[in-house]
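Please work through the exercises below with the sequence and the model open side by side. Each task is followed by a solution that goes step by step.

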Protein chains: 4
Amino acid sequence: MLNSRWFLEITSDTEVNMHALEEVIYSSRTKYQKLEILRLGRFGKSLILDGKMQSAEADEFIYHECLVHPVLLAHGDPRNVLIAGGGEGATIREVLRWPTVEKVYMVDLDREVVEVCKQYMPEWHKGAFNDSRVKVFYEDARKFIAEASEKFDVIILDLPEPMEAGPAIMLYTEEFYKEVANHLTPGGVMVTQATTVSIINCDAFAIIYKTISEVFKVVRPYWTAVPSFYTPWGFVFASNGKDPKGLDVGEIKERLTKIDGALKFYNPEIHLALFAIPEYLKDILEKETRVNRDSSPISFY
Amino acid sequence: MLNSRWFLEITSDTEVNMHALEEVIYSSRTKYQKLEILRLGRFGKSLILDGKMQSAEADEFIYHECLVHPVLLAHGDPRNVLIAGGGEGATIREVLRWPTVEKVYMVDLDREVVEVCKQYMPEWHKGAFNDSRVKVFYEDARKFIAEASEKFDVIILDLPEPMEAGPAIMLYTEEFYKEVANHLTPGGVMVTQATTVSIINCDAFAIIYKTISEVFKVVRPYWTAVPSFYTPWGFVFASNGKDPKGLDVGEIKERLTKIDGALKFYNPEIHLALFAIPEYLKDILEKETRVNRDSSPISFY
Amino acid sequence: MLNSRWFLEITSDTEVNMHALEEVIYSSRTKYQKLEILRLGRFGKSLILDGKMQSAEADEFIYHECLVHPVLLAHGDPRNVLIAGGGEGATIREVLRWPTVEKVYMVDLDREVVEVCKQYMPEWHKGAFNDSRVKVFYEDARKFIAEASEKFDVIILDLPEPMEAGPAIMLYTEEFYKEVANHLTPGGVMVTQATTVSIINCDAFAIIYKTISEVFKVVRPYWTAVPSFYTPWGFVFASNGKDPKGLDVGEIKERLTKIDGALKFYNPEIHLALFAIPEYLKDILEKETRVNRDSSPISFY
Amino acid sequence: MLNSRWFLEITSDTEVNMHALEEVIYSSRTKYQKLEILRLGRFGKSLILDGKMQSAEADEFIYHECLVHPVLLAHGDPRNVLIAGGGEGATIREVLRWPTVEKVYMVDLDREVVEVCKQYMPEWHKGAFNDSRVKVFYEDARKFIAEASEKFDVIILDLPEPMEAGPAIMLYTEEFYKEVANHLTPGGVMVTQATTVSIINCDAFAIIYKTISEVFKVVRPYWTAVPSFYTPWGFVFASNGKDPKGLDVGEIKERLTKIDGALKFYNPEIHLALFAIPEYLKDILEKETRVNRDSSPISFY
């Protein structure tokens with residue numbers, strides 16, 4: 001017998017994903033967005049913002065390992081790391097595995113999301129918020145970066161989708177990426193989550209890629225499958241020098257020996273596999289001409 | 001406004017995928033299974049058997065290129081190819097790109113499926129059924145292989161899921177894989193589609209891998225994301241010598257220059273990326289002990 | 001196993017009805033609205049306009065008998081009948097059962113709907129469009145009535161829901177009902193379908209009732225359950241004299257003996273039952289103060 | 001924007017009702033059935049057993065008033081009342097409005113359901129469980145009645161649907177109704193809820209009617225629309241003498257003056273309306289020949 005309770009994630013006007021809904025752990029409308037923590041079928045506890053799956057207990061490690069490790073590994077000696085977004089605390093958790101890291105700033109607009117994640121989602125942060133290297137700011141990430149007097153070795157953009165009326169719409173524009181570039185130390189690197197790369201819906205990915213390419217010299221799109229997202233997921237790495245794709249397996253292996261604890265998804269072969277781009281997607285990325293600008297930021301839904 | 005008509009693919013008792021249903025192109029109950037050709041949201045024309053998505057116009061090339069090219073490339077000089085299943089004709093289409101191929105047998109139980117695909121899905125077969133190298137048999141693939149007097153350089157198992165009461169349940173057992181092995185020429189290779197590798201549902205993949213490992217010396221699991229399946233998808237390559245993983249990029253490139261027409265997904269980097277197995281999946285595959293046997297074949301749904 | 005194809009009727013942001021979708025018989029976007037003829041689960045062939053169920057083969061007789069017979073029976077001697085809307089032809093069919101009827105005008109804005117119903121839904125009209133007493137006009141019903149030089153014994157408003165941007169939004173206002181009143185013969189009567197009376201959603205019904213009460217002296221709300229609507233359904237009868245509620249069973253029986261053919265829902269007991277209003281609905285109707293006017297017509301969804 | 005969380009009531013393999021799911025108030029698997037208390041869209045707090053809506057805060061009064069008052073009113077002087085099922089306590093609540101009532105026994109198999117309703121659904125019972133006239137037994141109703149040494153003026157069967165493997169399947173058979181008849185005082189009356197009367201699904205109603213007709217002399221089917229059930233709902237009244245249909249409006253009015261508190265649905269006109277049977281349903285009831293017996297009790301889903 002089918003379950004009686006469901007979570008429906010409406011990913012477009014023609015695609016909907018249904019998950020059996022075991023439990024509503026938390027539900028509210030924060031100052032900025034609709035916040036739900038739900039227990040879903042085989043994916044377990046899950047964070048949902050404005051109806052969109054952010055991460056699920058069963059496979060959040062795939063997203064977070066793929067977001068964090070390529071960029072930190074590419075840097076080689078990350079000390080100061082800035083995370084924009086990342087309310088669950090899992091991005092901090094992965095960053096803290098790198099022993100060179102001395103300082104992690106996390107900037108999230110929505111204090112309620114962070115506090116609710118702290119309380120209800122310890123499987124994600126695993127106490128990372130309490131690490132003495134970590135400092136959390138509840139501010140608009142764009143404003144925080146623009147006004148920051150410090151620079152960072154690594155900036156990680158772990159943001160919700162750029163939806164109209166959503167809190168992250170101004171965090172995918174050329175002007176924002178320039179602020180990011182201005183706040184990287186020499187040799188600094190950045191990464192952003194970059195929405196779905198599904199062939200039926202990869203416009204946003206291509207535009208983000210093109211926009212970042214206007215600002216940085218080395219831009220590496222990459223992707224993997226995150227089952228709870230029901231669609232292959234994209235990321236874009238950028239720097240003005242360092243390149244995660246130029247590394248050989250031996251070098252990757254050596255750098256990975258330094259990190260604390262066992263990884264569940266990422267490994268040297270996966271590192272290289274992430275950057276393999278299918279032919280059709282190469283074409284799409286090459287042909288993309290749209291640059292996302294403040295004057296008319298694109299809403300991808 | 002959301003669409004009014006939907007196709008629901010029930011992939012487990014806790015997960016359902018909904019696609020906007022533009023058109024019911026064909027619907028019948030064949031002698032063996034429920035057959036539907038539907039036009040779905042952004043995925044376009046799609047073949048559905050017993051309620052399960054088989055392939056969609058928008059991204060069938062991902063599945064079919066990943067099923068066919070690694071195994072033919074690994075063989076190096078494929079002449080005789082046997083396809084079990086593959087009713088859409090797209091597997092034949094990809095096999096025929098290799099100029100060394102002299103003969104392609106396709107064995108599909110369900111004549112109605114093949115004839116309906118021929119008529120309604122020319123975007124898949126692109127006339128491949130008319131190629132003089134191709135011969136189609138409407139028989140049980142297991143019986144056909146067991147009784148075949150010929151041997152094949154490559155055997156491709158392009159089958160529906162092993163569902164209870166479904167037509168393919170006896171085509172994933174150790175006894176069947178032994179028949180396959182017995183009908184390979186020296187240096188012969190095989191591949192099977194191997195169901196989802198999603199972390200929430202990878203039992204079937206692990207059992208297929210383990211079962212094939214009882215029969216063949218070289219067994220290479222691999223996977224990619226096929227968006228219309230909404231879940232990462234697995235394949236298992238097997239042989240008693242040749243190894244698609246042992247090849248270097250130069251060798252792959254050279255072999256790929258021989259094929260006719262442009263590929264849309266597969267390329268040398270993708271070839272290597274396909275075989276990168278995440279840490280959690282390595283663990284699952286290593287620990288799997290179940291072998292699927294005729295005496296109690298596992299139904300994966 | 002659940003069906004794979006579904007029609008979803010979104011009746012509010014918190015209620016959706018799903019019907020197994022057997023066949024898409026016709027689907028188009030007319031000049032005025034989205035038009036679908038679908039074959040649905042146990043309800044059979046169904047007409048859907050802008051995603052809303054209009055009538056289903058299995059139970060359209062309930063709606064059409066309850067719309068037509070109380071008002072014609074109350075009139076007693078109907079000769080000239082005007083139907084606004086009613087594209088399926090089933091309202092004409094029921095009207096033509098009364099042998100006194102000499103002339104039936106039907107005015108429907110959407111020629112495509114009527115022509116498609118004629119062709120694909122003969123179970124509804126049963127040839128009624130060919131009756132020599134019938135004349136169909138493809139015009140805006142409001143304009144037609146305002147400009148009509150004739151008057152009618154009975155006016156039947158068989159309209160789609162008053163939805164924003166829908167074709168019927170101006171056909172539920174006080175100004176329109178005044179035009180209706182002006183085009184009734186002495187002793188004339190009218191009826192309108194009046195949306196759901198469900199306790200969770202009966203605002204529209206109450207407003208229609210209140211609006212009509214501004215124009216007519218005798219106003220009788222009534223309702224029944226139409227299973228394919230999944231919600232109890234309302235109607236409002238109005239006149240400046242005749243009253244369907246004042247009749248006794250003997251009188252109803254006698255009048256009903258005159259009609260041609262057997263009824264499937266309506267009978268004298270049902271006639272009386274239709275006008276029984278539950279206590280909570282009496283309260284709601286009594287307290288309603290909103291009158292629907294041209295200046296700001298209410299959209300009920 | 002559509003809600004993200006939904007309750008799906010699967011009422012047949014071709015019909016499903018979706019309600020926005022605001023809150024999971026309680027969810028468990030009791031010894032006998034799956035129990036959920038959910039807050040649903042506009043229907044509010046709702047009791048769900050084995051995935052089927054039992055009653056909703058917004059309109060439970062319709063079901064409970066229609067179940068209780070016709071039978072108590074028909075009796076005229078009810079003193080001892082037995083309720084089988086009725087875990088929410090709303091049936092007791094309505095029974096206690098009749099001042100002649102001296103004793104109410106409620107027999108419900110599932111102690112957990114009753115205790116959870118007591119705690120979480122005070123809007124239903126309104127303290128009725130604490131009335132000194134009430135006694136609750138946690139037993140199989142069939143066994144309780146068979147072994148009862150007392151007789152009752154009124155027996156009310158407020159049971160879940162007769163589903164295979166459900167707890168109520170043996171409470172709709174001829175043998176059971178004979179036990180009920182044997183435990184009525186002279187002049188005693190009974191009523192049972194009798195599943196949907198929708199034209200697409202009225203087999204169960206017809207069989208229950210036919211089965212009861214084998215046992216009692218006066219059998220009166222009746223029905224109304226309960227919006228949260230999304231389908232018109234049936235009841236069957238039975239006695240060996242008294243007849244709710246034989247009463248005139250004056251008599252009904254007089255009897256109703258006696259009850260405590262204001263009714264929200266039921267009134268004299270509604271009483272008469274409930275018993276009006278549409279033509280198609282008369283035909284179905286007359287033609288039904290199946291009697292539901294212990295030897296092969298029918299499961300209606």
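**Exercise 1: Strand pairing between chains A and D**

Arg5(A) has Phe7(D), in strand 1 of chain D, as its bridge partner. This is a predicted model, in which local features need pLDDT of at least 70 and side-chain atom pairs count only at pLDDT 80 or more, while totals for chains, interfaces and linings use all residues. Residues are numbered from 1 along each chain as its sequence is written, and chains are lettered from A and ligands numbered from 1 in the order in which they are written.

Task: in which sense do strand 1 of chain A and strand 1 of chain D run, and how many bridges join them?

Solution. Helices (H or I, at least four residues) and strands (E, at least two) are DSSP runs, numbered from the N terminus, and two strands pair if DSSP finds at least two bridges between them. Strand 1 (residues 5-12) of chain A and strand 1 of chain D run antiparallel, joined by 3 bridges.

**Exercise 2: The surface of chain D, and its symmetry**

Task: which element of chain D gives the most to the side that touches chain A, and what rotation superposes chain D on chain A?

Solution. Begin with the contacts (C-beta atoms, placed from the backbone, within 7 Å): 14 residues of chain D are in contact with 14 residues of chain A. Strand 1 of chain D gives the most to this side, with 5 residues. By class, the side of chain D that touches chain A has 9 nonpolar, 2 polar and 3 charged residues, where Ala, Val, Leu, Ile, Met, Phe, Trp, Tyr, Cys and Pro count as nonpolar, Asp, Glu, Lys and Arg as charged, and the others, Gly among them, as polar.

Next, take the superposition, done by least squares on the C-alpha atoms of residues with pLDDT of at least 70 in both copies. A rotation of 180 degrees, with 0.0 Å of shift along its axis, places chain D on chain A with an RMSD of 0.0 Å, which is the relation of a two-fold axis. The same surface serves both copies, since 100% of the contact residues of chain D recur in chain A.

**Exercise 3: The side of chain A that touches chain B**

Task: which strand of chain A supplies the largest share of the side that touches chain B?

Solution. Here 36 residues of chain A are in contact with 36 residues of chain B. The largest share, 6 residues, comes from strand 2 of chain A. That strand pairs with strand 2 (residues 15-29) of chain B in the antiparallel sense over 5 bridges, and Val16(A) has Met18(B) as its bridge partner there.

Definitions and conventions
Two residues are in contact if their C-beta atoms, placed from the backbone, lie within 7 Å.
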